[in-house]
Amino acid sequence: MYWNEKIECMPVEDLKKLQYQSFKALVSSLYGFNKFYHDRMKGAGVLPDDIRSLEDVQKLPFMYKEDLRNNYPTKMFNVPNTEIVRFHASSGTSGKPTVVGYTKNDLAYWTEALARSLTSIGIGSDDILQVSYGYGLFTGGLGLHYGAEKVGASVVPSSTGNTERQLELMQDLGVTAIACTPSYLIHMNTVAAKMGIDFRRDTCLKKAVLGAEPWTESMRSKVEGSMGIRAYDIYGTSEQAGPMFTECEERNGIHIAGDIMYTEILDPETGELLENGERGEMVVTMLKKEALPIIRFKIKDISSILKDECPCGRTSPRISRITGRADDMLIIRGINVFPSQIEYTLMRMPEIGEQYMIEVTRDGALDHMKIQVEIRPEVFSDKVSDMVSLRTRIESELKKYLDIAAVVELRAPGELPRFEGKAKRVIDKRVM
């Protein structure tokens, strides 16, 4: 089932021609009317006439998060405030907030992308979608809200928090799908168990659209096994517009609407363009954004463009699961470690629950990593020898997959913090 079959199944060469036409027009417009991009292109010695093919995108300079902060709040906007119909903003936890503005057309393309995505996972007019992403300045809630309404689904705009009430509404309204962070869904499952609610028996929930934080296939298996649902990955950032792109029913890569976004995968160290199938840093160009144009934005997410065609029939590019961010990588004693690697290893062990925390410290010149993990209730024991044996086995598995030693600390069920928004699983005390 397609939302826009003409675009979604367009021959690849036709899609590339469409991308080039949009990109060429975008570059010409920004060079002539946007001071930031005019100065950036001029400084790089690039003129609009130098763009003669889609591959010439690589001639253009990169855009960075710092550019948005340095031009706070609206200096990079390409339209007057009279054409802005909505603002969103980041939290600013790592510096000055970034502000994103939207014209009516920007919102229309964002909604179109989500309509295609939700249709691709079978969500439509027969569904009731509970949106448990945050509403307000965060882009998640409103993005999914309008996308779901576009495909005819009924929306429960529950946002985050008040979990017991959310579970009651889910039961009373017959909610069939939920959109939230993976960590919040895990939290809901824990609260549901305390309330005596079994998702299989007591709800109509069939699907979950999960994103806003990295999660692994192992986590998907645990969530689905414990709740009896199908979980789908969703991707998007506030700079792009918000959450936009999902897996289809095949669940083998996230479909990127190629007429809306052009994607490159580069070597994080050299900036070299990588072949399809090679994992590197995503660089994105939004082909249709009016208020806040995005060209070659170094988004820092680590992924790859998949080689094979999707059996669903969509010809749009697909990216592999986001395994983390280039700036989230931990360097421990010279070894590169991504939190997603740790999660992958832990979630493969049936004795371990869904909650874990990573703590990195430094003693002199030597780094140490401690990983706290919750043990499943049926496994947790007061018998010291059993817990020592389990801890040793977990440490051995981590050493095998990470190639570095980590100290494991076992925690009883419910001891580690839960998160209603994005999970905060890494505490790096070396930079505090």
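# How we know what we say

Modeller: Let's start outside: the protein exposes about 19,100 Å², and carbon and sulfur atoms supply 50% of that.

Biologist: How do you know the area that the protein exposes?

Modeller: Accessible areas come from the Shrake-Rupley method with a 1.4 Å probe, and for residues only the protein chains shown count as cover. Keep in mind that this is a predicted model, where local features need pLDDT of at least 70 and side-chain atom pairs count only at pLDDT 80 or more, while totals for chains, interfaces and linings use all residues. Residues are numbered from 1 along each chain as its sequence is written, and side-chain values use heavy atoms, with hydrogens and water left out.

Biologist: How many helices and strands does the protein have?

Modeller: Twelve helices and 19 strands. Both are DSSP runs numbered from the N terminus, with at least four residues (H or I) for a helix and at least two (E) for a strand.

Biologist: What makes the protein as compact as a globular protein of that length?

Modeller: The radius of gyration, taken over C-alpha atoms, is set against the globule rule, 2.2 Å times the number of residues to the power 0.38. That rule gives 22 Å for 432 residues, and the protein has 22 Å, so the label fits. The C-alpha atoms fill a box of roughly 75 × 55 × 40 Å along the principal axes.

Biologist: Which share of the contacts is between residues 24 or more positions apart?

Modeller: That share is 66% of the contacts with a separation of 6 or more. A contact means heavy atoms within 4.5 Å.

Biologist: Why is Glu-359 called buried?

Modeller: Buried means under 20% relative accessible area, exposed means over 50%, and partly exposed is in between (1.4 Å probe, protein chains only). Glu-359 has 19%, so it's buried. Across the 432 residues, 53% count as buried.

Biologist: And what makes Lys-429 partly exposed?

Modeller: Its relative accessible area is 43%, so Lys-429 falls in the in-between class.

Biologist: How do you know that Glu-359 and Lys-429 meet in a salt bridge?

Modeller: The test is a side-chain nitrogen of Lys or Arg within 4 Å of a carboxyl oxygen of Asp or Glu. For Glu-359 and Lys-429 the N to O distance is 3.5 Å, and the pair passes. The two are 70 residues apart, with Glu-359 in strand E16 (residues 352-363) and Lys-429 in the segment after strand E19 (426-428).

Biologist: What makes Lys-370 and Glu-409 a salt bridge?

Modeller: Their N to O distance is 3.6 Å, which also passes. This pair links distant parts of the chain too: Lys-370 is in strand E17 (residues 366-375) and Glu-409 in strand E18 (residues 407-411), 39 residues apart. Lys-370 is partly exposed at 24%, and Glu-409 is partly exposed at 26%. Glu-359, Lys-370, Glu-409, Arg-411, Glu-415 and Lys-429 are linked in a network of salt bridges.

Biologist: How many salt bridges are in the whole structure?

Modeller: The search finds 33. One of them joins Arg-201 and Asp-202, with the closest N and O atoms 2.7 Å apart. Arg-201 has 58% relative accessible area, so it's exposed, while Asp-202, at 26%, is partly exposed.

Biologist: What makes the phi of Asn-162 worth a look?

Modeller: Most residues other than glycine have a negative phi, and most peptide bonds are trans. The phi of Asn-162 is positive, near 50°. Asn-162 sits in the loop between strand E4 (154-156) and helix H7 (163-173), and at 57% relative accessibility it counts as exposed. Arg-251 isn't a glycine either, and its phi is positive at about 55°.

Biologist: Where is the cis peptide bond?

Modeller: Between Tyr-72 and Pro-73, with omega about -5°. Pro-73 is in the loop between helix H4 (65-70) and strand E1 (86-89).
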